[in-house]
Amino acid sequence: MFRIGEFSKMGKTTIKTLRYYDEEGLLKPEKIDKFTGHRYYGTEQLITLHRIQSFRQLGISIDEIKLLLSGKEIAEFLKKRKSELIQTIVNAKDAISKIEFILNQEEDYFMSYNATIKELPECIVYSKNITVPSYDAYFDLIPEIGRAVKGQYPDLKCSVPEYCYIEYLDREYKEKNFKVEFCEAVESFREDFDDIKFKKINAVTAVSVMHKGPYSELSKAYSYIFKWIENNGYKALGAPRESYIDGIWNKDSEEEWLTELQIPVEKVN
């Protein structure tokens, strides 16, 4: 048998590590001298130490190694660990792609916009299709929809946090007389009335960009978000959503208006 110092040299590890493995019940000394407290290890324990070191180099935790040494099916565990590492690599490549995209942008884009991936939850909405003469018309058209719903269903509550958005129905960009669907999330279904419909919106993964400023400058945010989608291996799945967070109803200056662009996507490579 070997004292802990000799054993540490043979196993190419530290005395501190061996003491830690002892405390964790992972590799206990074969013998402890009851008078001196010296720890002694046998040559067979070099094999166990070697296995522990091998597992640690795979990024396996101490608790997981305990299970493996106690007889847990190693092959199945390593397959799972392999899948986790592959996913880590995929995530790292994805992060690198996003960093490269940011670094390749002009400085004003870099300062103004950042894209994130969001999971938009399932929700119930009431909706109405409208033709909008211009962005300024939103300030009359949208509150009118809200008043109509409130008049029909006074007890209907909006979801918390509030979530309202529009989707563009035209297949081309227009600044005037464009068709949109307005949606506002609510707590429950009600019967449709007039041209206002209730429906469920499925959960979806989306790219999100925040735009601060007037609606007339939203085209810059759209340019950024579609370029981001193209350069980061995603594909748009549905119509863009404009979610209005701050606007004329609570901000004095249009420079303070905050709009979130959300585009449903899926990863393609």
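1. Let's start on the outside. Asp136, Glu217, Glu254 and Glu255 come together on the surface as a patch of negative charge. Keep in mind while you look that this is a predicted model. Take Glu255 as an example from that patch: you'll find Glu255 in the loop that joins strand E11 (241-246) to strand E12 (258-267). Is Glu255 buried or exposed? Neither label quite fits, because its relative accessible area is 45%, which makes Glu255 partly exposed.

2. Now go inside. The largest nonpolar core has 40 residues, and the members that touch the most others are Tyr126, Tyr138, Tyr168 and Val180. Several elements each put at least two residues into this core: strand E5 (123-132), H7, strand E6 (164-168), strand E7 (178-186), strand E9 (204-212), helix H8 (218-231) and E12. Which of them gives the most? That would be H8, with 7 residues.

3. Stay with H8 for a moment and pick out Tyr224, which sits in that helix. Tyr224 has a relative accessible area of just 2%, so it counts as buried; the cut-off for that word is under 20%. For a sense of scale, try Tyr224 against Gly42: the two are 182 residues apart in sequence, and their C-alpha atoms are 64 Å apart in space.

4. Helix H7 (residues 138-152) deserves a look too, and Gly146 is a handy residue to click on there. Gly146 is partly exposed, since its relative accessible area is 25%. How far is Gly146 from Tyr126, C-alpha to C-alpha? The separation is 9.7 Å, with the two positions 20 residues apart along the chain. You've met Tyr126 already, as one of the core residues that touch the most other members.

5. Next, some backbone details. The peptide bond running from Val160 to Pro161 is cis, and its omega is near 0 degrees. Pro161 itself lies in the loop between H7 and E6, so if you trace the chain out of the helix you can check that bond by eye.

6. Two residues that are not glycines have a backbone angle worth checking. Asn177 shows a positive phi of about 50 degrees even though it isn't a glycine. Its place is the loop between E6 and E7, and Asn177 counts as partly exposed because its relative accessibility is 48%. Asp194 also has a positive phi, near 50 degrees, and is a residue other than glycine. Look for Asp194 in the loop between E7 and strand E8 (197-201). With 71% relative accessibility, Asp194 counts as exposed.

7. On to salt bridges. How many does the count come to? The total is 14 salt bridges. An easy one to find joins the side chains of Asp63 and Lys66, at 3.8 Å from N to O. Both residues belong to helix H4 (residues 62-69), and they are 3 residues apart, about one turn of the helix. Asp63 is exposed, given a relative accessible area of 51%, whereas Lys66 is partly exposed at 28%.

8. Other salt bridges reach across the chain. Lys200 pairs with Glu122, and their closest N and O atoms are 3.8 Å apart. This pair links distant parts of the chain, 78 residues apart: Lys200 is in strand E8, while Glu122 is in the loop between strand E4 (115-120) and E5. Lys200 counts as partly exposed, at 45% relative accessibility.

9. Then there's Glu181, which forms a salt bridge with Lys199; here the closest N and O atoms are 2.6 Å apart. This pair also links distant parts of the chain, with Glu181 in strand E7 and Lys199 in strand E8, 18 residues apart. Which of the two labels suits Glu181, buried or exposed? Glu181 is buried, because its relative accessible area is 10%. Its partner Lys199 counts as partly exposed, at 28% relative accessibility.

10. One last thing to hunt for: salt bridges can join up into a group. Asp22, Lys28 and Arg39 are linked in a network of them. Try displaying those three side chains together and picking out the links.

Terms used
Residues numbered from 1 in each chain as written. Predicted model: local features only at pLDDT ≥ 70, side-chain atom pairs only at ≥ 80, totals over all residues. Heavy atoms only, no water. Patch = residues over 30% accessible without salt bridge, like charges linked within 9 Å, V, L, I, M, F, W, Y side chains within 5 Å. Areas by Shrake-Rupley, 256 points an atom, 1.4 Å probe, with all protein chains shown as cover. Salt bridge = Lys/Arg side-chain N within 4 Å of Asp/Glu carboxyl O. Lys, Arg positive; Asp, Glu negative; His and termini not counted. Charge placed at Lys NZ, Arg CZ, Asp CG, Glu CD. Helix = DSSP H or I, 4+ residues; strand = E, 2+ residues; numbered from the N terminus. Buried < 20%, exposed > 50% of the residue type's maximum accessible area, 1.4 Å probe, protein only. Core = buried A, V, L, I, M, F, W, Y, C linked by side-chain atoms within 4.5 Å.
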